[in-house]
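The following exercises concern one molecular structure. Please study the sequence and the model before reading each solution.

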Amino acid sequence: IWNKRCLPLTFTFENEMIHLKTSLPVLLFPRLTFGGKKKRLSFTVTRSDNNRVETSISIPEDLTRYVTGRKLRENQWEIEFDTAKVDEKISHISGMIKIKDELSNIEEQIPLIAEIGGNK
């Protein structure tokens, strides 16, 4: 029986990230502008026991207007944030993206934070 506490998922992020020792990493999209270019982050998920992972992600409905995910490999994803539909009164958007290892059923939630302001 795999124990989530003994065998956590490990996340490796490229580009912007925040990682506090007591918490999971945060997908951070800083300094986005209204109607600006789409920004992308990628991350890789590994197992602490080096076993194979096959990941899936779940983006909450309130984020799907701005956020899309694309699978690059079995354990690697690219998340894209598009400011085209963001209301100019909004300065921050946040939510939780669920990541699941399909082979072990281990799930984690990763916070996503976008800082938005100004025009392109």
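**Exercise 1.** Is Thr55 buried or exposed?

*Solution.* The model is predicted, so local features need pLDDT of at least 70 and side-chain atom pairs count only at pLDDT 80 or more, while totals for chains, interfaces and linings use all residues. Residues are numbered from 1 along each chain as its sequence is written, and side-chain values use heavy atoms, with hydrogens and water left out.

Step 1. Buried means under 20% relative accessible area, exposed over 50%, and partly exposed in between (1.4 Å probe, protein chains only).

Step 2. Thr55 has a relative accessible area of 1%, so Thr55 is buried.

**Exercise 2.** Locate Thr55 and describe its surroundings.

*Solution.* Step 1. Strand β5, residues 55-58, contains Thr55; strands (E, at least two residues) are DSSP runs, numbered from the N terminus.

Step 2. Contact means heavy atoms within 4.5 Å. Leaving aside residues up to four places away in sequence, Thr55 touches several residues, among them Val45, Lys71, Trp77 and Ile99.

Step 3. The side chains of Thr55 and Trp77 are joined by a polar contact of 2.7 Å. A polar contact is a pair of N or O atoms within 3.5 Å; within protein, one must be able to donate a hydrogen and the other to accept it, and residues adjacent in sequence count only if both atoms are side-chain atoms.

**Exercise 3.** How many aromatic pairs does the structure hold?

*Solution.* Step 1. Rings of Phe, Tyr and Trp (its six-membered ring) pair if their centres lie within 6.5 Å; planes under 30 degrees apart count as stacked, over 60 as edge-to-face and the rest as tilted.

Step 2. There are two aromatic pairs. Phe29 and Phe81 form a tilted pair, 5.5 Å centre to centre, with 40 degrees between the planes. This pair links strand β3 (residues 26-34) to strand β7 (residues 76-81), its members being 52 residues apart.

Step 3. The ring centres of Tyr66 and Phe81 are 5.9 Å apart and their planes lie at 15 degrees, so this pair is stacked. Tyr66 lies in the loop between β5 and β6 (67-73) and Phe81 in strand β7, so the pair ties together parts 15 residues apart in sequence.

Step 4. Phe29, Tyr66 and Phe81 thus belong to one aromatic cluster.

**Exercise 4.** Why does Phe81 count as buried?

*Solution.* Phe81 counts as buried because its relative accessibility is 0%. Tyr66 likewise counts as buried, at 9%.

Note on methods: Helix = DSSP H or I, 4+ residues; strand = E, 2+ residues; numbered from the N terminus.
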